[in-house]
Amino acid sequence: MTENDFIPGHHNQTFQDGSVTWESPSNIALVKYWGKLDHQIPQNASISFTLNQCKTITTLKYLKKESRRDFSFEVFLDGEKKTGFEPKVKTFFERVEVYLPFLKDYHFRIETINTFPHSSGIASSASGMSALSLCLMDLEKRLLGKMSKDYFINKASFLARLGSGSASRSLEGELVVWGEHTDIENSSNLFGIKFDYPVHKNFKNYQDTILLVDKGEKQVSSTVGHNLMHNHPFAEKRFEQASNNLSLLKEALKTGNLDDFIEIVESEALTLHAMMLTSLPYFILMKPNTLNIINKIWEYRKQTGSKVCFTLDAGANVHVLFPEKEKLKVGKFIDQTLSPYCQNGQFIEDFTGTGARRVEHLT
Ligand code: PMV
């Protein structure tokens, strides 16, 4: 498929007004995406677990307007108007207008709620951009009259990617691959696809407890971060390594080998941060408590034989990953040993989920 396949034909319908709601989860990458070309084309393929509890619920209300001169929209978060979000949405609309030619026909009221606390350091861009893209696709489907399921989901992921790369992995579950990879059939740089290969029962309802180490604003925006991979001395080797890790992970997911899974996932997390440590300018996004937590996890694993491990995003928070059958024991360990390293002792318990869904309106 190419970008042109997402430019729609003539719309058969028009609507005066209407409203649609979608909820979409966050995701956590196991093999990381870090480094991109223009238009959010990733430098390597990535794979993530879709989460279940951390999600964005977005209602898109649309009202036909007279003039097609400009975009017209308002953004609300938890019922409060947020003008601060408008530039991001405007940039997004400009990027996707060619694929959604109706954008200037309507005034949009975008109402958004996140189930996770704002300023928790958890990025809402993945869940937020995918929820908004799904709402827009829902409207396009109505305008066109019909649309295949595959086209709907692929294009929604394609649009979400143009908002925020990792958002392309937030629509389906429980594992999603984004980026071309020789071992993953039908994989694409344009949108995420469901990982359609055998997954061992060890990974069923895999747990992800997110430890909130630092709830502050991100020190480095992802755009700046990705750009640091241009002319990075280790870039080419890193992209190769990520690709190799995806092949290895595919095998570990099949066999259920948790030791291999741990090694790949932790190495990916540390490599992501190593890329930031070795770029120019350089950044340290981990905090002392990020390292304290990692060391405690390693100690616990050594002492108990547990299969708990960690991964990191581009920030200080730690995602603690473990099999469902260890829920009680690891839960206790987190409560007693790890939570003292979190800001105000806070963490969020999540697990793998099946992806986004349309929310029917109660009328
Ligand atoms: O989607 P972006 O542009 O915010 O990039 C996010 C990249 C990481 O979260 C650090 C890794 C990933 O693959 O999700």
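## Exercises: ligand site, helix packing and a loop glycine

Thirteen residues surround the ligand, and of these 13, Tyr 33, Ser 166, Arg 169, Ser 222 and His 226 come nearest. Being near means that a heavy atom of the residue lies within 4 Å. The model is predicted: local features need pLDDT of at least 70, side-chain atom pairs count only at pLDDT 80 or more, and totals for chains, interfaces and linings use all residues. Residues are numbered from 1 along each chain as its sequence is written, and side-chain values use heavy atoms, leaving out hydrogens and water.

**Exercise 1.** Find the distances from ligand oxygen atoms to polar atoms of Ser 164, Gly 165 and Ser 166.

*Solution.*
- Set the criterion: a polar contact is a pair of N or O atoms within 3.5 Å.
- Take Ser 164: a side-chain N or O atom is 3.1 Å from a ligand oxygen.
- Take Gly 165: a polar backbone atom is 3.4 Å from a ligand oxygen.
- Take Ser 166: a polar side-chain atom is 2.6 Å from a ligand oxygen.

**Exercise 2.** Describe how helix α2 packs on helix α3.

*Solution.*
- Choose the descriptors: two packed helices are described by the angle between their axes and the distance between the axes.
- Locate the helices: α2 spans residues 125–144 and α3 spans residues 149–163. Helices are DSSP runs (H or I, at least four residues), numbered from the N terminus.
- Read the geometry: the axes come within 8 Å and cross at roughly 135°. Axes are lines fitted to C-alpha atoms over the stretch in contact, with angles from 0 to 180 degrees between N-to-C directions.
- Classify: α2 and α3 are therefore oblique to each other. Under 35 degrees is roughly parallel, over 145 roughly antiparallel, 65 to 115 roughly perpendicular, and the rest oblique.
- List the contact (heavy atoms within 4.5 Å): α2 gives residues including Met 129, Leu 134 and Met 137, and α3 gives residues including Phe 152, Ala 156 and Leu 159.
- Sort by class: eight are nonpolar, three polar and four charged.

**Exercise 3.** Repeat the analysis for helix α1 and α3.

*Solution.*
- Read the geometry: α1 covers residues 86–96, and its axis comes within 9 Å of that of α3, crossing at roughly 130°.
- Classify: α1 and α3 are therefore oblique to each other.
- List the contact: Phe 92, Arg 95 and Val 96 of α1 meet Leu 159, Leu 162 and Gly 163 of α3.

**Exercise 4.** Place Gly 355 and name the residues that Gly 355 touches.

*Solution.*
- Locate Gly 355: the loop between β13 (347–351) and β14 (357–359).
- List the partners: Pro 25, Thr 50, Leu 171, Glu 172 and Gly 173, not counting residues up to four places away in sequence.

Conventions. Helix = DSSP H or I, 4+ residues; strand = E, 2+ residues; numbered from the N terminus. Nonpolar A, V, L, I, M, F, W, Y, C, P; charged D, E, K, R; others polar. Polar contact = N/O pair within 3.5 Å; in protein donor to acceptor, adjacent residues only side chain to side chain.
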